[in-house]
Amino acid sequence: MEFTESVVNQFIADFILPFTRISALVMAMVGLGARTIPTRIKLFLCLAVTFCVMTAIPPVRVENLFAFTTLLLVVEQILIGILIGFITVLVIETFTLAGQIIAMQTGLGFASLVDPASGMSVPAVGQFFLILSTLLFWTLDGHLAFLQFVVVSFDTIPIATGGGEGGIEAIKYKEVAEWGSWMFATALSLALAPITAMLLINFSFGIMTRAAPQLNIFSIGFPITMTAGLIIMWLTFGNFLVHFELQWQRAVDFTCTIVNC
């Protein structure tokens, strides 16, 4: 077989374009895209998936590998991969936000830890919810599901060349931003029971202060509020799995809508 310039350029195009979409998904997705995972492992994973996908998709017609249109194709594949992976971030951040709301309302927000994924300082309760939701993500094979989504997307959203149809419509980027409202709605519904219980406790302390002004509400109420917050979290913790399953199913259905599968 003669390796001419056109053959080499065709092989590079068939590899680079799928590789950019897959690597963008891996870097943006929860779990696989974490900073704690070595870069070499991510690279070898992207290479392995790309070599498997290359044989299943039609060759990409690229006349000039170093043309500006090829650069636009690479940027388009990056946007598609990030868009699919960003949905997993919205799912996990839902429960991190719920943990932060609960921590602030129960007085547990003073205990903070550094989030290894983002490098920011978050309340310990939010970090606990983040770890738990990430473990559930791995348990439900979320990483395999979204790798399957990106593989299917090469059939439903082919790599467009020569002015052909391809890529994600602009309206779907807006739908992803609007779907982020489910993050706030689910976080609020998960934290609603602890917030209501803490409101009743704070209301009772207000009545005690009016009945006995000599009581120091700060020295008495703060430890009681923290203890009550832990007990309320323990009593309402069964709702976590229910909300995660619902949010995960919404994410899967929405991703199917995005990739037209």
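Author: A nonpolar core is a set of buried Ala, Val, Leu, Ile, Met, Phe, Trp, Tyr and Cys residues joined through side-chain atoms within 4.5 Å. The model above is predicted.

Reader: What makes Phe-129, Phe-244 and Ile-258 stand out in the largest nonpolar core?

Author: This core has 59 residues, and those three touch the most other members. Phe and Ile are on the list of residue kinds, and members must be buried, so Phe-129, Phe-244 and Ile-258 each have under 20% relative accessible area.

Reader: Which elements give two or more residues to this core?

Author: They are α1 (5-28), α2 (39-54), α3 (68-106), α4 (124-139), α5 (142-156), α6 (170-179), α7 (181-211) and α9 (239-259). The most comes from α3, with 13 residues.

Reader: Why is a second core, with Met-198, Ile-201, Phe-205 and Ala-228 among its residues, called separate?

Author: A core is joined through side-chain atoms within 4.5 Å, so a separate core is one without such a link to the other. This second core has five residues, including the four you name.

Reader: What does Ile-258 touch, leaving out residues up to four places away in sequence?

Author: Ile-258 touches Leu-83, Ile-87, Ile-157, Ile-168, Lys-172, Glu-175 and Val-176. Contact means heavy atoms within 4.5 Å, so each of these residues has a heavy atom within that distance of one in Ile-258.

Reader: How many helices and strands does the protein chain have?

Author: There are nine helices and two strands. From the N terminus, their order is α-α-α-β-β-α-α-α-α-α-α.

Reader: What share of the 261 residues is buried?

Author: Buried residues make up 43% of the protein chain.

Notes:
Residues are numbered from 1 along each chain as its sequence is written. This is a predicted model: local features need pLDDT of at least 70, side-chain atom pairs count only at pLDDT 80 or more; totals for chains, interfaces and linings use all residues. Side-chain values use heavy atoms; hydrogens and water are left out. Helices (H or I, at least four residues) and strands (E, at least two) are DSSP runs, numbered from the N terminus. Buried means under 20% relative accessible area, exposed over 50%, partly exposed in between (1.4 Å probe, protein chains only).
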